[in-house]
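Q: I have a structure open and want to go through it piece by piece. Can you help me read it?

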Amino acid sequence: PGSSVATSLSEGESKRKHVGLLEIHRDQFRLKPIPLKTVRPFIMSSIILEDEPSLSPISADSNIIMEFLEAKVNELIKQAEKEYSPVQGKQAMTPLIRLKVDYSGYMACNPQRFGCRFIGKVANPNEILLFHRR
């Protein structure tokens, strides 16, 4: 829906982008979706730290949480590389990555400092993490 490019880092924008080809024959018509191939990859995911068995609110310091989130973001980058193969003859675009983190019971880290680890790997290093509480 909407624009053929991602205009915001929201869940609705993370779906694959298409244009439509309207085919009309006499009094019948059909809309044929055509996936866009030159759109910047955008992967969005959510995580609840409380539900992760490898993390404990008591023992998890900010470095352990940052390492855990870094691994999750690297998985999303790999997913973007798999799902959005570059058009022949063109270089792959760096993906937009957004990870919504429910950090209830945990300490939040600085999203800008976290994003420095991904400069050159993602298009939005300062906006990768979105922290929220239930």
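**Cysteines first, then the rest**

A: C116 has a relative accessible area of 49%, so C116 is partly exposed rather than exposed, the cut-off for exposed being over 50%. Keep in mind throughout that this is a predicted model.

Q: And C109, buried or exposed?

A: C109 is buried, with a relative accessibility of 9%.

Q: How many disulfides are there?

A: Zero disulfides are found in the structure. A disulfide is a covalent bond between the sulfur atoms of two cysteines.

Q: OK, back up. What's the secondary structure of the chain?

A: The protein chain has five strands and two helices. Starting at the N terminus, the order is β-β-β-α-β-α-β.

Q: How much of the chain is buried?

A: Buried residues make up 31% of the 134 residues in the protein chain. The exposed surface of the chain comes to about 9,000 Å², and 52% of that is from carbon and sulfur atoms.

Q: What share of the contacts comes from residues 24 or more positions apart?

A: Such residues account for 68%, counting contacts in the protein chain with a separation of 6 or more.

Q: Now the core. Which residues of the largest nonpolar core touch the most other members?

A: L49, L69, V101, F114 and L129 do, in a core of 25 residues. At least two core residues come from each of β3 (42-48), α1 (62-83), β4 (96-102) and β5 (129-132).

Q: Which element gives the most to this core?

A: Helix α1, which contributes eight residues.

Q: Take L129. What is L129 in contact with, apart from its neighbours within four places in sequence?

A: The partners of L129 are L69, L99, V101, C109, P111 and F114. L69, V101 and F114 are also on the list of residues that touch the most other core members. C109 is the buried cysteine from earlier.

Q: Switching to aromatics. How many aromatic pairs are there?

A: The count is two aromatic pairs. One is Y103 with F131: the ring centres lie 5.5 Å apart with the planes at 80°, so this pair is edge-to-face.

Q: Where do Y103 and F131 lie?

A: Y103 is in the loop between β4 and α2, and F131 is in strand β5. The two are 28 residues apart in sequence, so the pair ties together separate parts of the chain. Y103 is buried at 16% relative accessibility, and F131 is buried at 18%.

Q: What about the rings of F114 and F118?

A: Their centres are 5.4 Å apart and their planes meet at 45°, so this pair counts as tilted. Relative accessibility is 0% for F114 and 1% for F118, so F114 is buried and F118 is buried.

Q: Next, S104. Where is S104 found?

A: S104 sits in the loop between β4 and α2 (111-115), the loop that also holds Y103. With 15% relative accessibility, S104 is buried.

Q: What does the side chain of S104 make a polar contact with?

A: The side chain of D102, at 2.7 Å. A polar atom of the S104 side chain also lies 3.2 Å from the backbone nitrogen of R134.

Q: Which residues is S104 in contact with, leaving aside its neighbours within four places in sequence?

A: S104 contacts E50, R133 and R134.

Q: Now the arginines. What is the phi of R26?

A: R26 has a positive phi of about 55°, although R26 is not a glycine. R26 lies in the loop between β1 (18-25) and β2 (28-35).

Q: Is R26 buried or exposed?

A: R26 is exposed, at a relative accessible area of 77%.

Q: And R30, where does R30 lie?

A: R30 is in strand β2 and counts as exposed at 56% relative accessibility.

Q: What is R30 in contact with, leaving aside its neighbours within four places in sequence?

A: R30 touches L21, L22 and E23. With E23 there is a side-chain to side-chain polar contact of 2.5 Å.

Q: How far apart are R30 and G20?

A: The C-alpha atoms of R30 and G20 are 9.6 Å apart in space, and the two residues are ten apart in sequence.

Terms used. Residues are numbered from 1 along each chain as its sequence is written. This is a predicted model: local features need pLDDT of at least 70, side-chain atom pairs count only at pLDDT 80 or more; totals for chains, interfaces and linings use all residues. Side-chain values use heavy atoms; hydrogens and water are left out. Helices (H or I, at least four residues) and strands (E, at least two) are DSSP runs, numbered from the N terminus. Buried means under 20% relative accessible area, exposed over 50%, partly exposed in between (1.4 Å probe, protein chains only). Contact means heavy atoms within 4.5 Å. Accessible areas come from the Shrake-Rupley method with a 1.4 Å probe; for residues, only the protein chains shown count as cover. A nonpolar core is a set of buried Ala, Val, Leu, Ile, Met, Phe, Trp, Tyr and Cys residues joined through side-chain atoms within 4.5 Å. A disulfide is a pair of cysteine sulfur atoms within 2.5 Å. A polar contact is a pair of N or O atoms within 3.5 Å; within protein, one must be able to donate a hydrogen and the other to accept it, and residues adjacent in sequence count only if both atoms are side-chain atoms. Rings of Phe, Tyr and Trp (its six-membered ring) pair if their centres lie within 6.5 Å; planes under 30 degrees apart count as stacked, over 60 as edge-to-face and the rest as tilted.
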